[in-house]
Amino acid sequence: MNNFRLTHFLTSNVDFDSLELEALISNCTMKQLAKGEFVLREGDICNHSFFVEKGLLRQYSIDDKGKEHIIQFAPESWFVSDRESMYFGRPSHFFIQAVEESVVMMIDDQFMAEITKQNPAFIEFNNKLLHNHIRHLQFRIKMLLSATAEERYLEFVKIYPDILLRVPQTMVASYLGITPESLSRVHRELATKNFKK
């Protein structure tokens, strides 16, 4: 049995025949990415979901003033994609880029069809993943609209506990929707609170 993270992710959640699953995954395209390399650019049609075997990706947009807005980070064992572009065939509004040297599995519609044919229970699991993704996006919108910078930061740490040491503070600030100066202030205030405890 191969030791891909994708194999472990799928077999941990759905009962698969290991040999058939291994054959399916061996037909997936594995792509090695240099730091800074893109798997999707704004204006492209997204044809894959990307499962991170190793490394770290980010999904972001750039507004009319040239400012970056990070939508999502994707560390090991996470999926990232532009669902609107992939499922409706529309040009993407996003970039997906490797933050560090990375390895991704490129998942296309053919893989999804074959894996569903092999195990119909995968449909229920995939639906659960989709609903979970929607739930997280809704919560993220709520946080951006109504939470304080400190609350957003603490939620970020909860979702991405190991990313703070892997990305520049400017990227964390971009994800939180605050300035790097505001992020530094949050750090100081939290340090003061912890010191007083």
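**Exercise 1. Name the residue in β8 that is the bridge partner of M30, and place β1 and β8 in their sheet.**

*Solution.* Step 1. M30 has M105 as its bridge partner in β8. The structure is a predicted model, in which local features need pLDDT of at least 70 and side-chain atom pairs count only at pLDDT 80 or more, whereas totals for chains, interfaces and linings use all residues. Residues are numbered from 1 along each chain as its sequence is written, and side-chain values use heavy atoms, with hydrogens and water left out.

Step 2. Beyond this one pair, β1 and β8 (residues 102-107) are joined antiparallel by 5 bridges. Two strands pair if DSSP finds at least two bridges between them; helices (H or I, at least four residues) and strands (E, at least two) are DSSP runs, numbered from the N terminus.

Step 3. The strand order β1-β8-β3-β6 describes an open sheet of 4 strands with antiparallel pairing. β1 (29-33) and β6 (79-80) are its edges: each has a single partner strand, so one side of each has no neighbour in the sheet.

Step 4. Helix α1 (residues 5-13) lies across β3 (49-54), β6 and β8, and runs at about 110° to β3. Such angles run from 0 to 180 degrees between N-to-C directions, with axes fitted to C-alpha atoms, for helices over the stretch in contact.

**Exercise 2. State which strands stand at the edges of the sheet β2-β7-β4-β5, and describe how α7 packs on this sheet.**

*Solution.* Step 1. This open sheet also consists of 4 strands with antiparallel pairing. β2 (38-40) and β5 have a single partner strand each and stand at the edges, so one side of each is left without a neighbour in the sheet.

Step 2. On average, neighbouring strands here are turned by 30° against each other, direction ignored. Within the sheet, β4 (residues 57-62) and β7 (residues 95-98) run antiparallel and are joined by 4 bridges; Y60 has F95 as its bridge partner in β7.

Step 3. α7 packs on the sheet and touches β4 and β5, its direction making about 100° with that of β5.

Step 4. α7 is largely enclosed by the rest of the structure, because 6 of its 8 residues are buried (under 20% relative accessible area; exposed is over 50%, partly exposed in between; 1.4 Å probe, protein chains only). The buried residues are M171, V172, A173, S174, Y175 and L176. G177 follows α7 and has a positive phi, near 75°.

**Exercise 3. Describe the lining of the largest pocket, and then that of the second largest pocket.**

*Solution.* Step 1. The largest pocket holds about 990 Å³ of space. On a 1 Å grid over the protein atoms alone, a pocket is an open set of points with protein on both sides within 12 Å along at least five of seven lines, where a 1.4 Å probe fits; lining residues have an atom within 4 Å of a point. A volume is the space filled by probe spheres set on the points, which are joined across faces, edges and corners.

Step 2. Its lining has 42 residues, and W78, L129, N132, H133 and H136 lie nearest the centre. Elements giving two or more residues include α1, β5 (68-74), α5 (121-146) and α7 (169-176). α5 supplies the largest share, 15 residues.

Step 3. The lining divides into 27 nonpolar, 9 polar and 6 charged residues. Here Ala, Val, Leu, Ile, Met, Phe, Trp, Tyr, Cys and Pro count as nonpolar, Asp, Glu, Lys and Arg as charged, and the others, Gly among them, as polar.

Step 4. The second largest pocket holds about 190 Å³ of space. Among its 14 lining residues, I70, I71, R140, L144 and Y175 are closest to the centre. At least two lining residues come from each of β5, α5 and α7, and the classes are 8 nonpolar, 3 polar and 3 charged.

**Exercise 4. Determine whether G55 is buried or exposed, and do likewise for S77.**

*Solution.* Step 1. G55 is found in the loop between β3 and β4. With 1% relative accessibility, G55 counts as buried.

Step 2. Leaving aside residues up to four places away in sequence, G55 touches A74, P75, E76, E100, E101, S102 and R166, where contact means heavy atoms within 4.5 Å.

Step 3. S77 lies in the loop between β5 and β6. Its relative accessible area is 27%, so S77 is partly exposed.

Step 4. Most residues other than glycine have a negative phi. Phi of S77, however, is positive, near 70°.
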